[in-house]
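Please open the structure in your viewer and keep the selection tool at hand. The stops below go from a whole chain to single strands and residues.

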Amino acid sequence: MTDLMLKSEALHKRFGHVEVLKGIDLEVARGEVMCLLGPSGSGKSTFLRCINHLETYEAGRLWVDGELVGYRQVADKLHHLKQSEIAKARSEIGMVFQRFNLFPHKTALQNVTEAPVQVKGMAKSEAEFHAKELLDRVGLADKAGNYPSQLSGGQQQRVAIARALAMKPKLMLFDEPTSALDPELVGEVLDVMRGLAKDGMTMVVVTHEMGFAREVGDTIVFMDGGVVVESGDPREVIANPKHDRTKAFLSKVL
Amino acid sequence: MAEAAPPAPDPVATTPERVKPEDITAVRLRHPIRWVAAIVVLYIVVALAYSLVTNANYDWGVVWQYLFSAPVMKGLGLTLVLTVVSMLIGIVLGVILAIMRRSENPMLSGTAWVYIWLFRGTPVYVQLLFWGAIGSLYPFITLAVPFGGPDLIHVDANTLITPFLAAVLGLALNEAAYMAEVVRGGLLSVDEGQTEAASALGMTSAQTLRRIVLPQAMRVIIPPTGNETISMLKTTSLVSVLAFSDLLYATHNIAVQNYKTISLLIVASIWYLLFTSIMQTGQFYIERYYGRGTARVQQETLLQNIRRRMFTTSREESGTGPKA
Ligand SMILES: Nc1ncnc2c1ncn2[C@@H]1O[C@H](COP(=O)(O)OP(=O)(O)OP(=O)(O)O)[C@@H](O)[C@H]1O
Ligand SMILES: [Mg+2]
């Protein structure tokens, strides 16, 4: 087994007749942080959603931790995975959304314990014990009993991160986790993500926070029009973009 | 994790020379139109009350005589049982139909669509008559192995479909069609991000529906369901046509003997009114329960409302009272 957590090979995705991903090739090693950026509509969210089976793909191959995503290969034929197999694969990948998507009818603690209890069949007391540890880790030990509507955006996103971590994922996907936040709340969420990276979590992060990409990212990938335009060491790419489209984009976000 | 910085010092507190201005005392507005309207309404209410007491045709003595009489109580009991049973079956079937309509299987969603179309498109009164007359349409009801296999169950329709069963079938199957639409609206009201977040955690679609989507849909489903239940209580009065001895049938039977039609209609109305009022109160508390987590301030109960209005000054109220 290689040390690759994620491998994408000529990945294609169509919505009807519109081709959104036109051959994505990239690799993420275990423990690495990859930052993904690109203009709106370039296919960043679609790529993340493919990794987590929220979308299917039409051509190419995608592997997570050496396992093919979405299909099982028997001889030279691909078979669709069963719903239960997809659920199992998803439970090992954490996902954090731009709009948090916390469960509004559950407290912060219940948001975090829901999946371990329901999906893994963990005892409630054990799940609560771990959930409290996780809330403490994201700095919200005192907010366990609050409903999402009683939390600020930054606090909600930190609960969402704790909720994903509760499943002990081997890979974390972040889709613009700070884009819906007021500027003064961005820092607290990035701090948590920085901590995760330091603890060796493998992460794919769609973000326009250049400071974060430069400091935490091991690689940066610039996407446009459904293809990878440029990738490499973040400090290198941000300082000396080679491609015109990268230059044009960076001049807008920096 | 660094929390927000300590709050900035209050500017009023740090500038000692600022003096708090005196409270405003303004001349109150007059509302002459309100007074005229109140007097007109008061006159009408008094006139109606006077006629209620003095018009002998109301025959309040008869109302009292029969209000708690055995046949009326029995009819009331049957009406309530019929309401509860029909409503429960209607809700369960309605949820199933709503989930079928969301299904990707066209056979399931199509069946649900046709069911809803058929049962909402014809009057419930007609449907009740159909169930009452089912014996002439299908004299025998047989459950058999298809294509000439042996019979498993074989019964006379008229013994199987009693008036009670006909009433339940008529009301429940009709209600299911309306509840299906109510539930569907509720499910649609839940943000798609909720389903995505639940799936991303590895929850199955059944778990997602039961634990995440339905509880949130409840907030939208409960108020119309309350209205449906109240409406069901009143609609049960139609089952008299099936010779089912509900509340209205019981009072009607008495009126046929003593010719006190109005008095006995009042008896029935009092009971209908009492139970619709009780249901409305119950609905309020259930709505409050399912609203938790979504409203920052909980809706106040009637008692809390009265307590607030009676025992707080208007100044406190405008500052701290929850929004109506
Ligand atoms: N379910 C869908 N059906 C049809 N088209 C879709 C669907 N989802 C996304 N698309 C299209 O795919 C393209 C890529 O979308 P995607 O959300 O992946 O972009 P993005 O890079 O994440 O953009 P943003 O920065 O705005 O989030 C867009 O043109 C979008 O309109
Ligand atoms: Mg996106």
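A residue is called buried here when its relative accessible area is under 20%, exposed when that area is over 50%, and partly exposed in between. The model on your screen is a predicted one.

**Whole chain A**

Select chain A first: of its 254 residues, 55% count as buried in the sense just given. If you colour the chain by secondary structure, you should find 9 helices and 12 strands. Its C-alpha trace spans about 50 × 50 × 35 Å along the principal axes, and its radius of gyration is 18 Å, which agrees with the value near 18 Å that a compact globule of 254 residues would have. Among the contacts that join residues at least 6 apart in sequence, 64% link residues at least 24 apart. With a surface display switched on, you are looking at about 11,100 Å² of exposed area, of which carbon and sulfur atoms supply 49%. Chain A carries 32 positive and 34 negative charges, and the mean positions of these two sets are 4 Å apart.

**Strand β11 and its partners**

Next, select residues 219-224 of chain A, which form strand β11; 5 of these 6 residues are buried, so the strand is largely enclosed by the rest of the structure. Add residues 33-37, strand β3 of chain A, which pairs with β11(A) in the parallel sense over 4 bridges; here A:Leu36 stands opposite A:Val221. Then add residues 227-232, strand β12 of chain A, which runs antiparallel to β11(A) and is joined to it by 5 bridges, with A:Ile220 opposite A:Gly232. These two strands, β11(A) and β12(A), form a hairpin with 2 residues between them, and in that hairpin A:Gly225 takes a positive phi near 60°.

**Around A:Phe47**

Now centre the view on A:Phe47, which lies in helix α1 of chain A, residues 44-51. Is A:Phe47 buried or exposed? A:Phe47 is buried, because its relative accessible area is 0%, below the 20% cut-off. Leaving aside neighbours within four places in sequence, A:Phe47 is in contact with several residues, among them A:Leu6, A:Leu36 and A:Leu62. A:Leu21 is also in contact with A:Phe47, and although the two are 26 residues apart in sequence, their C-alpha atoms are 7.5 Å apart in space.

**An open sheet in chain A**

Turn next to the open sheet of 4 strands in chain A, whose order is β2-β1-β4-β5 and whose pairing is antiparallel. Strands β2 (18-29) and β5 (67-68) stand at the edges, each with a single partner strand, so one side of each is left without a neighbour in the sheet. At one of these edges, strand β4 (residues 59-64) pairs with β5(A) over 2 bridges, and A:Val64 stands opposite A:Glu67.

**Two stops in chain B**

Move on to chain B and select residues 140-144 and 151-156, strands β1 and β2, which pair in the antiparallel sense over 5 bridges; B:Thr142 stands opposite B:His154. The two strands, β1(B) and β2(B), form a hairpin with 6 residues between them, and B:Phe147 in the turn has a positive phi of about 55°.

Finally, select B:Gly77, which is found in helix α4 of chain B, residues 70-102, and is partly exposed, with a relative accessible area of 30%. Add B:Leu247 to the selection: B:Gly77 and B:Leu247 are 170 residues apart in sequence and 7.8 Å apart in space, C-alpha to C-alpha.

How values were computed: Residues are numbered from 1 along each chain as its sequence is written. Chains are lettered from A and ligands numbered from 1 in the order in which they are written. This is a predicted model: local features need pLDDT of at least 70, side-chain atom pairs count only at pLDDT 80 or more; totals for chains, interfaces and linings use all residues. Side-chain values use heavy atoms; hydrogens and water are left out. The radius of gyration is taken over C-alpha atoms; the globule rule is 2.2 Å times the number of residues to the power 0.38. Buried means under 20% relative accessible area, exposed over 50%, partly exposed in between (1.4 Å probe, protein chains only). Contact means heavy atoms within 4.5 Å. Accessible areas come from the Shrake-Rupley method with a 1.4 Å probe; for residues, only the protein chains shown count as cover. Lys and Arg count as positive and Asp and Glu as negative; His and the chain ends are not counted. The place of a charge is taken as NZ of Lys, CZ of Arg, CG of Asp or CD of Glu. Two strands pair if DSSP finds at least two bridges between them.
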